[in-house]
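Let's take a walk through the aromatic side chains of this protein. Keep the structure open and follow along ring by ring.

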Amino acid sequence: MKHIRPILGLVFFFVLYLWNFPIVFESNELLGRFDWDLYTFHVEFLRKSFLDFGSFPLWNPYYGAGFPVWENPSSKLGSFTHLLTILFPSLIALKFSFVLYFVLAAGFNYHSFQLYNKSSRLITILFVCFFQFSGYFFQKFYAGHMNQIQGLFLPAFIFYFLYTIQNKNKWIVFLVILIAYILLSEGAIYTITQITFLLFFLSGWEIYHSTNPKETFIRFLKIVTLVLIVLSFKWIPMFLFVHHVGRYFVPDFFPLSISDLYPIFFGTSQHPLLSQSLSQMQYRYWEYGNYLGQIPFYLIPLLFFTKRRYYFVLGLLGITIWIMLGKTSVFSPAGLLEQLPIYSQERVYPRWSLSVVFLYGWSLVMCFDTILEMIRPKFKSYVSISLLLLLFLHTLDVRKMNTKYLNEIFILQPPSESIHNVESYPITISSIPDYGSDSRMLQALRANVSINDIYENLTFYFSNETIDSRNYHGEFFLSPSLQSVKPTNWKPDSFTFGPLPKGQILVINQKFHPGFTVTNTEIKTCSWNGYLAVPIQTHSESLKIEYSLLNSFRLYNAKKGSQNCSVLFPRFFESI
């Protein structure tokens with residue numbers, strides 16, 4: 001029971017925080033203006049694939065001329081959210097996964113903080129609440145940024161990792177791997193990059209102060225290697241996908257100023273519908289919230305009570321704030337990090353506020369721990385009650401700042417779509433009505449149509465022909481005859497055709513990807529003007545084209561013609 005009581009306390013504060021926004025959970029059709037549609041689309045596709053086709057397809061044909069699923073960090077294939085979509089409607093699954101991750105992360109953060117810092121239960125509860133009830137996570141939740149909610153696990157991963165390099169414990173190593181898998185499967189790229197940065201410094205500090213630095217360093221290398229090997233089935237395809245395809249982000253051109261820090265962390269809510277411009281920083285509207293609240297601001301002087309062993313944490317906090325400000329000078333950390341491959345794709349430096357909240361909360365509660373050690377035992381109970389009351393008031397304050405306009409954030413009735421597709425496979429159209437950022441995607445999927453809109457920030461964007469274009473010859477057609485054909489069997493990641501005439505090219509209205517192979521003949525797929533195509537060199541009674549994850553690992557460069565149809569099959573093209 002003693003171990004259960006702190007968790008019940010965290011549950012109490014969570015319920016207290018959620019008390020004034022039941023609107024978020026009241027409907028299966030409650031769609032947000034912002035990025036809810038983007039992530040609902042991904043999990044809805046997984047749900048549709050399992051229920052309609054009885055499989056976990058690896059290619060999504062409904063969006064941007066098709067894209068791979070397992071490799072794409074946004075797709076959530078293999079995540080807990082993905083599994084929840086089998087049991088619940090997609091939007092409910094996403095919101096339930098937020099609650100699940102919030103509670104699970106609270107347990108991990110509580111346990112790992114006590115394990116590493118050897119602090120009291122009161123201090124641990126203060127840290128978990130300061131971190132998890134910060135405006136960061138709830139602002140991301142409201143905006144539908146469901147790939148950043150997993151930042152809840154950042155403290156647990158760091159504390160468990162630092163503990164394992166000093167102590168042999170296979171169960172803690174298992175928890176490190178589990179959390180890393182959650183981050184990978186949910187596409188929490190920003191959290192992963194920040195964890196890597198923080199562990200680089202914190203692990204070095206831990207090794208330096210270790211009683212046996214050599215043994216600690218060897219254990220560090222072993223744990224890193226183990227995590228990479230065990231999770232290679234996920235991070236290798238993701239790395240290859242991003243490496244081959246590329247990522248394109250609109251950079252932040254204007255750094256923040258020191259004066260912007262107060263409204264970001266301690267000021268009023270900066271939700272998109274209410275916010276005042278903090279500076280000329282792009283993406284500012286949905287990147288800021290009342291992250292820490294007024295009470296932690298008033299407690300800043302307590303940082304002077306920081307124990308000597310946490311001076312390094314305070315220094316790292318200063319560096320992280322400097323990163324968050326952006327490229328303030330030639331020598332700013334943000335400019336230096338851009339020279340590293342993993343950080344050169346960071347889009348919004350204010351997202352480093354996740355690490356700032358973590359480091360600030362860590363430093364602050366350890367100051368409370370120092371003060372409690374200075375107080376006589378008979379007065380500690382009174383101080384503990386005062387701290388819990390302070391935490392209660394803090395929670396009310398942050399909740400008020402971040403949840404007061406929720407009824408303006410969500411759209412209850414999405415626009416109706418009149419397009420009706422009688423085919424089993426999706427028909428490509430240009431677009432459908434919009435009710436907010438990326439809100440076309442989910443409606444297209446439900447109408448069984450494919451749209452060209454792409455919001456993945458990927459440079460392999462390929463605009464295929466739509467049904468209203470004069471060059472549209474069908475989703476599947478032959479060239480040069482331009483005869484439309486239909487598959488005898490269709491799934492999102494496989495197409496089966498009956499007899500096809502010799503001397504034609506079967507063209508599929510999806511972008512070419514090397515992961516597609518012809519499974520029942522020796523014919524190879526190739527790129528026909530960027531489309532997925534199959535040259536019919538001999539008469540075929542049956543042809544099955546399927547996406548394979550293993551084949552997608554092959555290095556390719558379609559622009560150089562390495563898998564261009566005319567290059568691969570020159571004699572065939574001369575004959576036609």
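What follows looks at ring pairs, then a cluster, then charges over rings.

Bear in mind that this is a predicted model. Searching the whole structure turns up 53 aromatic pairs. A good place to start is W59 with F516: the ring centres are 4.9 Å apart and the planes meet at 75°, and since over 60 degrees counts as edge-to-face, that's what this pair is. In sequence the two partners are distant, 457 residues apart, with W59 in strand β2 (residues 59–60) and F516 in strand β11 (residues 516–518). Both W59 and F516 are buried.

Now move over to F266 and F297. Here the centres are again 4.9 Å apart, but the planes sit at 50°, so this pair is tilted. The pair also bridges distant parts of the chain, 31 residues apart: F266 belongs to the loop between α12 (261–265) and α13 (284–287), while F297 is in helix α14 (residues 294–298). How buried or exposed are the two partners, F266 and F297? F266 is buried, at a relative accessible area of 9%, whereas F297 comes out partly exposed, at 30%.

Rings can also join up beyond a single pair. F113, Y116, F127, F131, Y136, F137, F159, Y310, F358 and W362 are linked by ring pairs into a cluster. Y116, one of that cluster, has R309 lying over its face, 6.0 Å from the ring centre.

For another charge over a ring, look at Y190: the charged end of R351 sits over that ring, 4.5 Å from the centre.

Definitions and conventions. Residues are numbered from 1 along each chain as its sequence is written. This is a predicted model: local features need pLDDT of at least 70, side-chain atom pairs count only at pLDDT 80 or more; totals for chains, interfaces and linings use all residues. Side-chain values use heavy atoms; hydrogens and water are left out. Rings of Phe, Tyr and Trp (its six-membered ring) pair if their centres lie within 6.5 Å; planes under 30 degrees apart count as stacked, over 60 as edge-to-face and the rest as tilted. Helices (H or I, at least four residues) and strands (E, at least two) are DSSP runs, numbered from the N terminus. Buried means under 20% relative accessible area, exposed over 50%, partly exposed in between (1.4 Å probe, protein chains only). A charge sits over a ring if NZ of Lys or CZ of Arg is within 6 Å of the ring centre and within 35 degrees of the ring normal.
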